Amino acid sequence: MYLLRWCNVLLLLLTAVSTKTEIVFPSPEPQETESSYWHEHGRRELEEALRKPKVTNVAKNVILFLGDGMGITVGTAGRIFKGQKHGKSGEEGFLVWDRFPNVALVKTYNLDKQVPDSAGTATAYLTGVKGNFYTLGVNGKVKLGDCKASLKPENRVDSILKWAQDAGKETGVVTTSQVTHATPAGLYAKSSHRRWQCDTKILSAGPDAQMCKDIARQLVEDEPANKMKVIMGGGRQEMGAPREEDAEKSCIRTDGRNLVEDWLNYKDARGETRAYITTTEELHSLDAENTEYIMGLFGDVHVPYEVDRDTSLNGTPALKEMVMTALRRLKKNDDGFFLLVEGARIDHGLHYGQPRRALEELLAMEEAVAATIDMVDLEETLIVVTADHSHVMTINGYPTRGNNILGVVMNEEDVSDHLPYTTLMFTNGHGFNYSWNGEHVIRRNLSGVDTNDKNFEPLAAVPTYPGSETHGGEDVAVYAIGPMSHLFHRVHEQNYVAHVMGYAACIGPYKDDCDRPLEIPQNVYRHIKNVGKYSRSKGCTLLANINSVALLCITVILVRMIRC
Ligand SMILES: *[C@@H]1O[C@H](CO)[C@@H](O)[C@H](O)[C@H]1NC(C)=O
Ligand SMILES: *[C@@H]1O[C@H](CO)[C@@H](O)[C@H](O)[C@H]1NC(C)=O
Ligand SMILES: [Zn+2]
């Protein structure tokens, strides 16, 4: 008994000491200092490139994974974070899509903005036509808030959702934002303002806006949205559905309608089976294969962040679970399907200047991509992973190899105030925190501060309101695998993404343009399966992303060794 208590005290003591120490994660490749290692590595990559498949059959299925705000910097940081969560240095590792055979760059600007928003960009990569900032499903003739122009048929553009439905494919959307938010709405809504998610926002937008229909109503009442077989995300507030009195008031309906009820009634009237679910337990007990229409709303506003999510059965599912359920339903159709999956809250974590939140969201989306690869035939399914736009986060020099990506750098040589700074930092954001002492600029001494905390905000050069860190304007990457994925091959305009998806599946503008073979080559992508997977290491290293936890592990092992 005494001994046990003594052990606990030792444990606490060692943990307290360990929080002060930055851990450097080791490289999993001790041979990397040998030239032969790199020659061998280079040769293997070359061989893979020489064997690179060109799969030219028709894509039966198309799945688009959209990491909202997932700029290239975010991807690099996410890759390192992933490795470090497994106790490895991380730089040498891969995200699942890093090994897709085709990668290109995408120019994201909106017609009227050098740096875009998620609505104008969604219009581009989902309809094949670039639009203006904050507008959805309408061409560049429609300026922000111009309801009248958005109603003109010649200004409205169809998305791949309609192309796929016209070709007899099943369709669905899974997101961690409101189902009426910019990215999912890019599939189905025609609106001159992305904020018109519920009627209240239109009512306050002036007399000219009143002819327009809010986005939630478009989702339930209009084609092609009401023909989607799977709709999952958040947004009970916008839909007027019963909710848990979320603190955040995003858009509360004035018309008092419960659009989920209406959606259910429309399906009943047609004798279709349907289900409305709001918890993980309901998702698990859903008979997805035998339910025609599925709507899951897992948040009053958005689906909770992965780091805040209630993982019990009464809580909300991980993105991966939603996607797997969606795939089980959509795969039922012999004519194939189109699915949009959005990792929406990568963007939110970054807007709040909290990198930990964003990176956990990125890894949650990666798990969904990995699960998808295991569930579909890559030879008949085009998978595209991309972002709508970047953010103003950067990776500062020169942390040591394997340095905690959420940690700090001590750069005595270059930095004139001799204080450490975080590796990840923002050019604008809520983390701004400089003061003037009459002589020089003062910033916080980060020694001993827990920069791994999910709410930690690294410094930003320009102050913004909370949640208002901005998007960034550089190109984003597009990663693709499956039929016709080689058509991504250079720097493209963002609208090209829709064209490749349409052409690959012979739908929309390319439905008559399709004298390609339907036969499917076998096992072309065998080498992709299991790529980027870390072996599940036992116990401690899984949690090693938090440096103190890593040392706690060592402590536990030591304590065990002295057998207390
Ligand atoms: C801002 O920096 C000062 C020191 O310069 C520090 O005392 C304060 O806690 C910091 N504020 C935040 C919100 O980090
Ligand atoms: C920052 O804090 C650490 C630990 O408290 C201290 O050792 C160091 O001297 C401080 N640096 C400066 C420049 O004040
Ligand atoms: Zn954004």
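**View 1. Strand 1 of the predicted model is largely enclosed by the rest of the structure, because seven of its seven residues are buried.** The strand covers residues 61-67. On one side lie Asn61, Ile63, Phe65 and Gly67, and these residues are buried. Val62, Leu64 and Leu66 are on the other side and are buried too, which leaves both faces of the strand covered.

**View 2. Strand 1 pairs with strand 8.** The two strands run parallel and are joined by seven bridges. Strand 8 comprises residues 381-387. Within this pairing, Ile63 has Ile383 as its bridge partner.

**View 3. Strand 1 also pairs with strand 7, residues 337-343.** Here six bridges are found, and the strands again run parallel. Val341 in strand 7 is the residue opposite Phe65.

**View 4. The zinc ion (ligand 3) is held by donor atoms of Asp347, His351 and His471.** Asp347 contributes two OD entries to the coordination, while His351 and His471 each contribute NE2. The distances are 2.0 to 2.4 Å. The angles subtended by the four donor atoms run from 56 to 157°, so the arrangement is irregular; a tetrahedral one would need all angles between 85 and 135 degrees.

**View 5. The donor residues of the zinc ion (ligand 3) follow the spacing D-x3-H-x119-H in sequence.** Asp347 and His471 link distant parts of the chain, being 124 residues apart. Asp347 belongs to helix 14 (residues 345-351), whereas His471 belongs to strand 17 (residues 471-472). Asp347 and His471 are both buried.

Definitions and conventions:
Residues numbered from 1 in each chain as written. Chains lettered and ligands numbered in written order. Predicted model: local features only at pLDDT ≥ 70, side-chain atom pairs only at ≥ 80, totals over all residues. Heavy atoms only, no water. Buried < 20%, exposed > 50% of the residue type's maximum accessible area, 1.4 Å probe, protein only. Helix = DSSP H or I, 4+ residues; strand = E, 2+ residues; numbered from the N terminus. Pairing = 2+ DSSP bridges. Donors = N, O, S within 2.8 Å, 3.2 Å for Na, K, Ca; no water. Tetrahedral: all angles 85-135°; square planar, octahedral: opposite > 155°, others 65-115°.
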